[in-house]
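Me: I have a structure open here and want to go through its charged pairs, then a helix and a sheet. Can you take my questions as they come?

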Amino acid sequence: MIFRVARHTSNIEKLSHFYSSILGFDALGSFKSHDNYDGVFLGKRNENWHLEFTQSNEASKAVFDDDDILVFYPTSQSEYDQILENLKHHKVPILEPKNPYWITNGICFEDCDHHKII
């Protein structure tokens, strides 16, 4: 089974840059003007999941709350350390998550759409 999380945005270029430069995701594909939508697929090569961000002439109306979180588990200490370095380099603030579990078991930050990531 392949898993995709799709989300509409008004910031597709900023999101693509964010997920590539902070989490090291690859651009796995993209499309332009498909039924008035542009899109990009981001993730890690050879994995069975990816994120899809779409953009159209219609502004994104998504509203997230503090419990709507994308959670990623780095598979090595070096991958985790690289994410921390990327957050510091790009001056992405570390936030305190609402759920106490994530306070002690992860780091929380937001993308440019204010969607939380652990």
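Reply: What follows is a short run of questions and answers on this model, which is predicted.

Me: How many salt bridges does the structure hold?

Reply: There are 9 salt bridges in the structure.

Me: Start with Lys44. Which residue does it form a salt bridge with?

Reply: Lys44 pairs with Glu79, and the closest N and O atoms are 3.4 Å apart.

Me: Where do Lys44 and Glu79 lie?

Reply: Lys44 is in the loop between strand E3 (37-43) and strand E4 (49-55), and Glu79 is in helix H2 (residues 77-89), so the salt bridge ties together parts that are 35 residues apart in sequence. Lys44 is partly exposed at 22% relative accessibility. Glu79 is also partly exposed, with a relative accessible area of 22%.

Me: What about Glu58, what is its salt-bridge partner?

Reply: Lys61, with the closest N and O atoms 3.8 Å apart. Glu58 has a relative accessible area of 47% and is partly exposed. Lys61 is exposed, at 67%.

Me: And how far apart are the closest N and O atoms of Glu110 and Lys116?

Reply: They are 2.8 Å apart, and the two residues form a salt bridge. Glu110 counts as partly exposed at 23% relative accessibility, whereas Lys116 counts as buried at 11%, the cut-off for buried being under 20%.

Me: Which residues are joined into one network by salt bridges that share partners?

Reply: Arg7, Asp111 and Asp113.

Me: Back to Glu110. What is its bridge partner in E7?

Reply: Lys116 is the bridge partner of Glu110 in E7. E6 and strand E7 (residues 116-117) pair in the antiparallel sense over 2 bridges.

Me: In what order do the strands of that open sheet run?

Reply: The order is E5-E7-E6, with 3 strands and mixed pairing. Strand E5 (69-70) and strand E6 (109-110) are the edge strands, each pairing on one side only.

Me: Change of topic: helix H1. What span should its 12 residues have?

Reply: At 1.5 Å a residue, helix H1 (residues 12-23) should span 16 Å, and its end C-alpha atoms are 16 Å apart, which agrees.

Me: Which residues in H1 are buried?

Reply: The buried residues in H1 are Ile12, Leu15, Ser16, Phe18, Tyr19, Ser21, Ile22 and Leu23.

Me: What phi does Gly24 take, just after H1?

Reply: Gly24 has a positive phi of about 70°.

How values were computed: Residues numbered from 1 in each chain as written. Predicted model: local features only at pLDDT ≥ 70, side-chain atom pairs only at ≥ 80, totals over all residues. Heavy atoms only, no water. Salt bridge = Lys/Arg side-chain N within 4 Å of Asp/Glu carboxyl O. Helix = DSSP H or I, 4+ residues; strand = E, 2+ residues; numbered from the N terminus. Buried < 20%, exposed > 50% of the residue type's maximum accessible area, 1.4 Å probe, protein only. Expected span 1.5 Å × (residues − 1). Pairing = 2+ DSSP bridges.
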